[in-house]
Amino acid sequence: SSKVDWTAPPSMASPATYEAAAPAPSASSPAAPSSPPQASGSVPSRWARNPNQWQRRGPPLPTPPPMSPPFPSMPPPPSPRTTPFPAPAPAPAPALSARGGALTGDIDRLQIENELMRRRLSERDSNVDMRTARLTMPLTVIAGTAAAVAGSLAAFPQAATTGSAVLQAVPEAGDVISEAIRSVFVDKKAEAAMKAFFPGTLSSAAVDHKVRRVLYPRGFTPQNTLFATSTCPDEVNSRTGELVDTLKERWGENFLLGGLGGVPFTGKAGFSAYAHHVPATGKLFVLFAPHVGIERNGKVGALRRLDQNGVSTSCGAAVGAYNFLKSGKEAGDNLGAAGDTQINFIKKKLSSKLANVDQAPNEMAFVTYQMYSVIRDFFVNDILPTADFWDDASEIVMLGGIMVNRAQGGDRFMP
């Protein structure tokens with residue numbers, strides 16, 4: 001090919017090959033500096049910044065041949081849109097505090113899903129096919145920002161299904177071994193009743209391990225998380241090594257929300273206090289559950305307690321309220337004297353949930369599921385919409401289920 005020379009200022013390294021294209025300096029103009037400032041590489045910066053002073057010398061470049069085959073003609077551009085785009089829907093107004101994240105639509109959807117769950121639990125065979133309930137409700141994450149809530153609280157059934165599925169998956173090796181050993185020593189009749197009416201139960205240790213597996217990656221730590229329980233104050237629920245004690249050991253302090261039957265009788269005022277006690281921009285973790293005993297002979301709603309000669313009811317509040325209503329007495333609207341407010345509240349709430357109890361395979365298992373519904377209703381309809389709920393907390397996790405008290409083999413939890 002023919003030689004092509006590129007002209008450059010005289011300050012370049014090879015003046016025999018390159019020469020300046022700029023006009024030579026006159027006597028009245030200052031001479032070019034002998035060592036112009038250098039840019040990156042070896043090209044003088046003042047020439048690198050002025051590419052117009054470069055000229056090409058040599059034969060003209062050949063004209064490129066036409067492309068063969070030629071490109072097909074492009075279709076004409078679409079005509080401009082004649083109809084205006086629809087205006088975006090206005091954002092829903094916040095239902096909670098100014099810093100809060102839950103939106104009105106999210107709370108509405110949560111309450112609708114809760115009503116569907118309540119109806120499902122009220123069916124006559126609800127305590128036989130509880131896998132549906134177990135995979136619909138329990139573990140839900142309610143984030144403290146509007147964007148997070150839109151993806152978690154708004155999708156409450158999906159979030160709950162995911163959470164419960166995680167709790168049922170990936171058992172740790174120690175839990176598998178413990179279950180194998182436990183199966184040898186448990187009371188067979190009680191075990192059969194538990195599997196029939198409360199399928200899929202987990203040991204307290206297994207729940208702790210699986211909750212940790214879910215919450216630690218979300219940034220929950222004992223330092224930034226305030227743990228709370230809404231469980232019955234019955235002493236069987238606070239035994240060493242069982243669920244409440246195990247979770248308290250992991251997460252630290254325990255704010256008590258529950259009264260008889262596990263209903264959060266501290267109400268809005270108590271829950272507001274709990275939410276304001278959280279560490280700065282911290283997280284809340286709430287366990288809520290009714291409880292039920294299963295005696296060695298497989299009787300649901302009964303339990304022989306430690307060092308007692310006889311068998312007593314468990315949960316006593318739920319059994320007592322049910323027996324009161326079963327006798328044909330009216331719960332009434334008046335909650336009565338302050339000393340009986342909690343049990344009267346339970347009677348009133350249960351009275352509207354027992355239409356199908358006579359058709360249920362086990363009446364006390366049915367009543368236990370209705371108690372779960374009472375607790376959940378209280379949280380969803382009365383407590384979560386509290387105005388100042390998100391003033392201090394950034395996220396809340398609520399784990400709901402049923403605690404099963406056992407005389408042998410340890411207590412169980414059905415998420």
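Buried means under 20% relative accessible area, exposed means over 50%, and partly exposed is what lies in between. Keep that handy for these exercises on a predicted model.

**Exercise 1.** Work out whether each partner in the Asp187–Arg296 salt bridge is buried, partly exposed or exposed.

*Solution.* Start with the pair itself: the closest N and O atoms of Asp187 and Arg296 are 3.4 Å apart. Next, place them in the chain. Asp187 sits in the loop between α6 and α7, while Arg296 is in the loop between β8 and β9, 109 residues apart. Now apply the cut-offs. Asp187 has a relative accessible area of 13%, so it is buried. Arg296 comes in at 37%, so it counts as partly exposed.

**Exercise 2.** Do the same for Glu395 and Arg218, which also form a salt bridge.

*Solution.* Here the closest N and O atoms are 2.3 Å apart. Glu395 belongs to strand β11, and Arg218 to the loop between α8 and β5, with 177 residues separating them. Glu395 is buried because its relative accessibility is 6%. Arg218, at 39%, is partly exposed.

**Exercise 3.** Find which helix gives the most residues to the largest nonpolar core, then trace the contacts of Tyr274.

*Solution.* That core has 61 residues, and Tyr274 is among the members touching the most others, along with Phe198, Phe271, Val286 and Phe379. Helix α13 (residues 363-383) is the top contributor, with 13 residues. For Tyr274, skip neighbours within four places in sequence; its contacts then include Leu226, Phe255, Leu284 and Val286.

Definitions and conventions. Residues are numbered from 1 along each chain as its sequence is written. This is a predicted model: local features need pLDDT of at least 70, side-chain atom pairs count only at pLDDT 80 or more; totals for chains, interfaces and linings use all residues. Side-chain values use heavy atoms; hydrogens and water are left out. A nonpolar core is a set of buried Ala, Val, Leu, Ile, Met, Phe, Trp, Tyr and Cys residues joined through side-chain atoms within 4.5 Å. Buried means under 20% relative accessible area, exposed over 50%, partly exposed in between (1.4 Å probe, protein chains only). Helices (H or I, at least four residues) and strands (E, at least two) are DSSP runs, numbered from the N terminus. Contact means heavy atoms within 4.5 Å. A salt bridge is a side-chain nitrogen of Lys or Arg within 4 Å of a carboxyl oxygen of Asp or Glu.
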